[in-house]
Amino acid sequence: MRYVGKRLLALVVLLIGISILVFLMLQLIPGSPVDALLGQSATNPAAVAKLTRELGLNRSLPVQYWLWLDHALHGNLGYSYQNQQPVSALIRQNLPSTLVLAGSGLLISLVGGIVLGAVAAVRRDTPADSVLMGIAMTLVALPSFWLGLILILVFAVTLPWFPVVGGTSLRGLILPAFTLGLGVLGITARFVRSSLLEVMGSSHVIAARAKGLNRRTVFIKHVARNAVLPVLTVVGLQVGALLSGAVLVETVFSRLGIGRLLVQSILNKDYATVQATVLIIAAFYAVANLVVDLLYPVLDPRIGGT
Amino acid sequence: MADQLGEPMLAGEALPLPVAETGAERAPAFRRAGLLRQRNFLIGVILLAIVVIPVLLAPVISPVGPDTQNAGASFLAPSLSHLSRLMGTDQFGRSIWARVLYGGRYSIGASVVVVILGGIAGTVLGLVAGYLGGTVSFLIMRVVDLLLAFPGILLALGVTAILGPSLVNAVIAVAIVAVPLYARIVEGAAREIRNLPYVRASRALGAGPGHIIVRHVLPGAMPAVIVQTTVWLGIAMLWIAALGFLGLGVQPPTPEWGQMVSDGQASLTIAWWVAVFPGAFLGLFVVGISLVGDALRDWLNPSAVGT
């Protein structure tokens with residue numbers, strides 16, 4: 001339990017740090033925060049006065065932060081004057097689509113990465129290994145937005161199997177999900193391969209082979225089970241890669257989502273929305289990593305004992 | 001060849017390096033001599049040469065400039081008839097070949113500046129935190145942790161939102177993302193080196209912290225810095241390109257590979273070549289630099305100290 005408590009405490013500290021940084025972002029933008037938040041509406045003195053009072057701009061910075069945090073924790077993330085609606089409503093409209101995309105991407109990268117990495121590890125130092133790892137490295141190195149365009153070119157333009165612009169339909173999800181998943185798949189594959197190789201070289205596996213168990217049994221019972229833990233680590237890292245990849249993939253496919261919302265808000269100088277989306281994505285990432293941390297002791301009793 | 005493709009992975013995330021250095025895969029010391037004999041290193045160098053040499057020779061091998069428009073020649077398909085048509089033309093009749101070559105100067109140049117800025121700032125912070133320890137180290141490393149809490153490109157996007165879209169701001173944004181990653185790796189190395197016998201001996205002889213950091217700790221941390229820099233050249237290029245693609249980096253008509261891909265997306269269905277070639281060059285460069293980085297990593301084996 002002490003492990004869980006320590007992790008939770010670390011998460012709270014991290015979230016406070018993130019919120020301070022996101023809060024300060026608005027202070028760093030040239031000009032007054034009110035002008036930045038109101039955009040064109042900043043010429044309306046009534047609106048300026050109202051927002052100044054709401055944000056507590058005539059008070060000290062810590063008080064302003066506290067007011068902002070208090071609002072945010074109560075679901076009030078500000079008002080997007082460009083979109084003429086509360087930011088929280090924008091987030092609600094966009095977040096599910098991103099989660100579906102990131103979830104499908106994670107699934108594709110895990111299934112593909114584990115298969116690729118496992119085959120490469122079993123066929124270690126053969127041409128098959130080199131080819132598979134070459135593919136993995138190339139997938140990591142290719143820019144995802146470009147890969148997305150190539151997939152559109154092949155599977156939506158040349159072969160008209162999927163829509164060019166990813167709608168909300170399931171068919172519209174396939175190309176974006178593969179674009180996102182393939183980029184991350186390479187990381188998974190290399191991680192799976194090296195963690196499998198490490199386990200395969202350990203003495204209990206050699207002992208299992210020496211007592212006459214066949215390769216297959218050894219692999220399933222002794223290797224694969226012990227390689228799960230490092231793969232869990234990579235899932236934690238992938239959440240970050242998937243979230244930042246979603247920003248690009250959603251833009252390529254003009255797909256509804258929080259990543260595209262962020263990019264549009266930056267371009268429109270809609271700072272209330274920028275602040276909120278950055279906060280949500282970073283908080284989501286932090287929580288996802290906490291979940292991964294908490295899963296470790298479940299899978300490996302050696303971690304988090306006492 | 002024990003390890004064809006070792007770890008550093010271009011996720012742009014803070015990857016836990018220790019996992020990469022599994023005992024089973026570590027290159028034995030006698031392979032230090034054979035950097036040039038490693039197949040990955042050679043393939044990487046060849047890929048880099050294929051990209052970098054034409055980019056450097058752009059004025060020589062491109063018959064037209066990157067901004068030369070030709071109203072009568074829009075969206076011509078790639079053809080071998082004339083060098084400027086090798087990769088076709090865009091909607092303004094500009095030669096994609098010329099734009100890819102000249103654009104490479106922005107893409108590669110920006111990535112180099114990113115690793116120089118981010119690398120120096122991060123290394124200095126890491127050295128100070130790792131060597132001095134105590135409160136200074138605690139404060140620096142908590143800020144580093146905080147910056148690392150923002151996944152991948154998110155921090156760069158946040159910085160761009162503050163600074164506004166431009167090439168210089170994109171470089172600053174990506175360099176800021178690189179700082180905590182350098183700092184963490186160098187800090188680990190420095191913390192380990194400062195307790196090594198020769199460093200303690202130097203201290204006993206009366207050497208000050210400045211002298212020890214520059215003469216002993218920095219050289220010890222260098223292998224890790226070199227590997228990190230190779231990996232980051234690729235990541236920096238991908239992210240500069242990503243910002244360019246999103247319209248938050250290089251602004252048209254300046255050719256930069258990411259921005260060119262974005263340009264080409266509009267005409268993807270009628271002229272695939274406008275988007276495909278700049279992205280392909282970008283991909284070649286990043287694959288090449290990753291292969292070189294992997295080989296260097298095995299060769300320098302930076303895990304011997306720190307990380």
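Let me start with a pair of helices in chain A: helix H11, residues 258-268, packs with helix H12, residues 271-299, at an angle of about 150 degrees, and their axes are 9 Å apart. Please keep in mind throughout that this is a predicted model. The crossing in which H11(A) passes H12(A) is left-handed. On the H11(A) side the contact is made by Ile258(A), Leu261(A), Leu262(A), Ser265(A) and Ile266(A), while H12(A) supplies Thr273(A), Val274(A), Thr277(A), Val278(A), Ile280(A) and Ile281(A). Sorted by class, the residues of this contact between H11(A) and H12(A) comprise eight nonpolar and three polar ones, with no charged residue.

H12(A) also packs with helix H5 of chain A, residues 87-122, and here the angle is about 50 degrees, with the axes 10 Å apart. Why do we call H5(A) oblique to H12(A)? Because an angle that falls outside the ranges for roughly parallel, roughly antiparallel and roughly perpendicular counts as oblique, and that is how H5(A) stands to H12(A). The crossing of H5(A) past H12(A) is right-handed. If you would like to find the contact on the screen, look for Val87(A), Leu90(A) and Ile91(A) in H5(A), which meet Ala272(A), Thr273(A), Ala276(A) and Ile280(A) in H12(A). The contact of H5(A) with H12(A) divides into six nonpolar residues and one polar residue, again with no charged residue. Thr273(A) and Ile280(A) belong to the contact of H12(A) with H11(A), and they are also among the residues that H5(A) meets.

Let me step back to chain A as a whole. Its secondary structure comes to twelve helices and two strands, and along the sequence these follow the pattern α-α-α-α-β-β-α-α-α-α-α-α-α-α. The C-alpha trace of chain A spans about 85 × 60 × 30 Å along its principal axes. Of its 306 residues, 42% count as buried, and, among the contacts in chain A with a separation of 6 or more, residues 24 or more positions apart account for 69%.

Two further helices of chain A can be checked for their length. Helix H4(A), residues 61-73, has 13 residues and reaches 18 Å from its first C-alpha to its last, which is close to the 18 Å expected at 1.5 Å a residue. Just after H4(A), Gly75(A) takes a positive phi of about 85 degrees. Helix H6(A), residues 127-141, has 15 residues that should span 21 Å at 1.5 Å a residue, and its end C-alpha atoms are indeed 21 Å apart, so expectation and model agree.

H6(A) also leads us towards the other chain. Its buried residues are Leu132(A), Met133(A), Ala136(A), Met137(A), Leu139(A), Val140(A) and Ala141(A), and these pack against H5 and helix H8 (170-200) of chain A, together with H9 and H11 of chain B.

Turning to chain B, we find eleven helices and zero strands, so that is the point at which to ask how many residues each chain gives to the contact between them. The contact takes 48 residues from chain B and 49 residues from chain A. On the side of chain B that touches chain A, the elements that give two or more residues are helix H1 (17-20), helix H6 (153-163), helix H9 (209-245), helix H10 (257-265) and helix H11 (273-300) of chain B. By class, that side of chain B has 32 nonpolar, 13 polar and three charged residues. Within chain B, buried residues make up 56% of the 307 residues, and 71% of the contacts between residues at least 6 apart in sequence join residues at least 24 apart.

I will close with two glycines of chain B. Is Gly279(B), with its C-beta neighbours inside 10 Å, buried or exposed? Gly279(B) is found in helix H11 of chain B, and it counts as buried because it has 24 C-beta neighbours inside 10 Å. Leaving aside residues up to four places away in sequence, Gly279(B) touches Pro143(A), Trp146(A), Trp257(B) and Val261(B). Gly134(B), by contrast, is placed in helix H5 of chain B, residues 134-148, and with 8 C-beta neighbours inside 10 Å it counts as exposed. The C-alpha atoms of Gly134(B) and Val55(B), 79 residues apart along the chain, are separated by 47 Å.

Definitions and conventions: Residues numbered from 1 in each chain as written. Chains lettered and ligands numbered in written order. Predicted model: local features only at pLDDT ≥ 70, side-chain atom pairs only at ≥ 80, totals over all residues. Axes fitted to C-alpha atoms, helices over the stretch in contact; angles between N-to-C directions. Helix = DSSP H or I, 4+ residues; strand = E, 2+ residues; numbered from the N terminus. Left-handed = near helix turned anticlockwise from the far one by under 90°. Contact = placed C-beta atoms within 7 Å. Nonpolar A, V, L, I, M, F, W, Y, C, P; charged D, E, K, R; others polar. Parallel < 35°, antiparallel > 145°, perpendicular 65-115°, else oblique. Buried ≥ 20, exposed ≤ 12 C-beta atoms within 10 Å, placed from the backbone. Expected span 1.5 Å × (residues − 1).
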